[in-house]
Amino acid sequence: QAADVPVALIAPLTGPWARGGQSYREGAELAVEDINASGGIKALGGAKLKLYVADAGDTPDKARNAAQRLIAEVPGLVGGTGAWLSSLTLAVSEVTERAGIPWLTISFSDQITSRGFKYIFQTAPGGKRQAELALPTIMKMAESTGAPPKTVGVLTDNTPSPQSILAPLRAGGFEKAGLKLVVDETFTPPLADATSLVQKVRAARPDLLLVLPTGIQDVKLIIDKLNEFGLGEGKLPIIASGAQAASPDLLNLLNTDKVNGLMTMLVGWPSKDDA
């Protein structure tokens with residue numbers, strides 16, 4: 001009988017990004033189950049995949065340590081995927097690169113594939129490409145309403161993924177689109193209170209607001225506060241980024257009315273409704 005083929009998943013299973021990490025784990029488990037139930041890897045005589053999972057936690061150091069432990073404890077590891085959040089992926093891939101282990105990621109940061117590494121593979125478009133594609137689409141949608149925005153605000157965390165998306169927009173992308181940046185606030189996640197952020201939005205009154213936290217709870221806090229200050233329920237168009245703003249879990253934290261006007265940029269959202 002062919003030996004099992006060990007593969008790895010490293011994702012945040014605890015902390016503020018745990019919901020995304022848990023979905024990542026569930027998807028990996030389903031994929032391995034499906035491959036094995038279909039006869040395994042035929043080129044290896046039907047060998048079965050065996051998934052090893054490690055918690056990346058909530059900091060790059062924890063993610064790096066998780067990768068080091070996994071590699072030490074699993075001999076013959078052939079490759080893996082993770083670590084969901086770009087800052088965690090950057091840390092994990094430093095370890096897997098040194099070990100010569102192929103690593104696949106769905107993270108967005110442009111830094112991931114700009115370091116000259118040979119063993120890291122990014123399936124999603126990087127932040128810069130997402131910005132190049134998204135902003136013209138947003139403006140075209142806005143123009144169809146007859147009232148294109150002239151000003152824009154940004155509320156974002158300081159992790160690499162949203163910063164990669166915002167870099168080309170801050171460096172001329174907004175101006176090229178005819179938008180004046182009137183609010184630009186960056187915070188370290190997780191948020192304790194969104195009051196000061198939303199007060200600046202209320203004072204500046206942008207026509208369009210980019211809300212780019214990477215955690216569901218932070219999105220919830222900002223949307224809650226926008227509603228409290230009379231800026232929610234469709235009064236202010238809000239564009240988010242990533243699955244956290246499209247997750248059904250957000251509706252468990254907010255009622256439906258509060259997410260009116262909220263849209264999110266996604267590079268892929270597999271569901272039964274996909275064509």
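Student: Leaving aside its neighbours within four places in sequence, what is Leu-9 in contact with?
Tutor: This is a predicted model, to start with. In it, Leu-9 is in contact with Tyr-24, Arg-25, Ala-28, Leu-51, Tyr-52, Val-53, Ala-54 and Thr-81, once neighbours within four places in sequence are left aside.

Student: Where does Leu-9 lie?
Tutor: Leu-9 lies in strand 1.

Student: Is Leu-9 buried or exposed?
Tutor: Buried. Its relative accessible area is 0%, and the cut-off for buried is under 20%.

Student: How far apart are Leu-9 and Asp-157 in space?
Tutor: They are 25 Å apart, C-alpha to C-alpha. In sequence, 148 residues separate Leu-9 and Asp-157.

Student: Back to strand 1. What is the order of the sheet with strands 1 to 5?
Tutor: The order is 2-1-3-4-5. The five strands form an open sheet, and the pairing is parallel.

Student: Which strands stand at the edges there?
Tutor: Strand 2 (49–55) and strand 5 (120–122). Each has a single partner strand, so one side of each is left without a neighbour in the sheet.

Student: And the twist? What does it average?
Tutor: It averages 20° from one strand to the next.

Student: How many bridges join strand 4 to strand 5?
Tutor: Three. Strand 4 covers residues 103–105, and the two strands run parallel. One pair to look for: Leu-104 has Phe-121 in strand 5 as its bridge partner.

Student: Which strands does helix 3 lie across?
Tutor: Helix 3 (residues 86–99) lies across strand 1 (5–11), strand 3 (79–82), strand 4 and strand 5. It runs at about 165° to strand 4.

Student: New topic, helix 2. Which of its residues are buried?
Tutor: Ala-63, Ala-66, Ala-67 and Leu-70. They cover an arc of only 100° around the axis, so they sit on the same side of helix 2.

Student: What covers those buried residues?
Tutor: The cover includes strand 1, strand 2 and helix 3.

Student: What about the face turned away from the buried side?
Tutor: That face of helix 2 carries the exposed residues Asp-61, Ala-72 and Glu-73.

Student: What should the 14 residues of helix 2 span?
Tutor: Helix 2 covers residues 60–73, and at 1.5 Å a residue it should span 20 Å. The end C-alpha atoms are 20 Å apart, so that agrees.

Student: Now strands 6 to 10. What order do they take in their sheet?
Tutor: The order is 7-6-8-9-10. These five strands form an open sheet, with parallel pairing. Strand 7 (180–187) and strand 10 (262–265) stand at the edges. Each has a single partner strand, so one side of each has no neighbour in the sheet. The twist averages 20° from one strand to the next.

Student: How many bridges pair strand 6 and strand 8?
Tutor: Five, in the parallel sense. Strand 6 is residues 151–157, and strand 8 is residues 208–212. Leu-155 stands opposite Val-211 in strand 8.

Student: Which strands does helix 5 touch?
Tutor: Helix 5 (residues 160–176) packs on this sheet and touches strand 6, strand 7, strand 8, strand 9 (238–241) and strand 10. Its direction makes about 155° with that of strand 6.

Student: Last one. Where is Asp-224, and is it buried or exposed?
Tutor: Asp-224 is in helix 7 (residues 216–228). It is buried, with a relative accessible area of 18%. Neighbours within four places in sequence aside, Asp-224 is in contact with Leu-254 and Lys-258.

Terms used. Residues numbered from 1 in each chain as written. Predicted model: local features only at pLDDT ≥ 70, side-chain atom pairs only at ≥ 80, totals over all residues. Heavy atoms only, no water. Pairing = 2+ DSSP bridges. Helix = DSSP H or I, 4+ residues; strand = E, 2+ residues; numbered from the N terminus. Axes fitted to C-alpha atoms, helices over the stretch in contact; angles between N-to-C directions. Contact = heavy atoms within 4.5 Å. Expected span 1.5 Å × (residues − 1). Buried < 20%, exposed > 50% of the residue type's maximum accessible area, 1.4 Å probe, protein only. Arc of directions from axis to C-beta.
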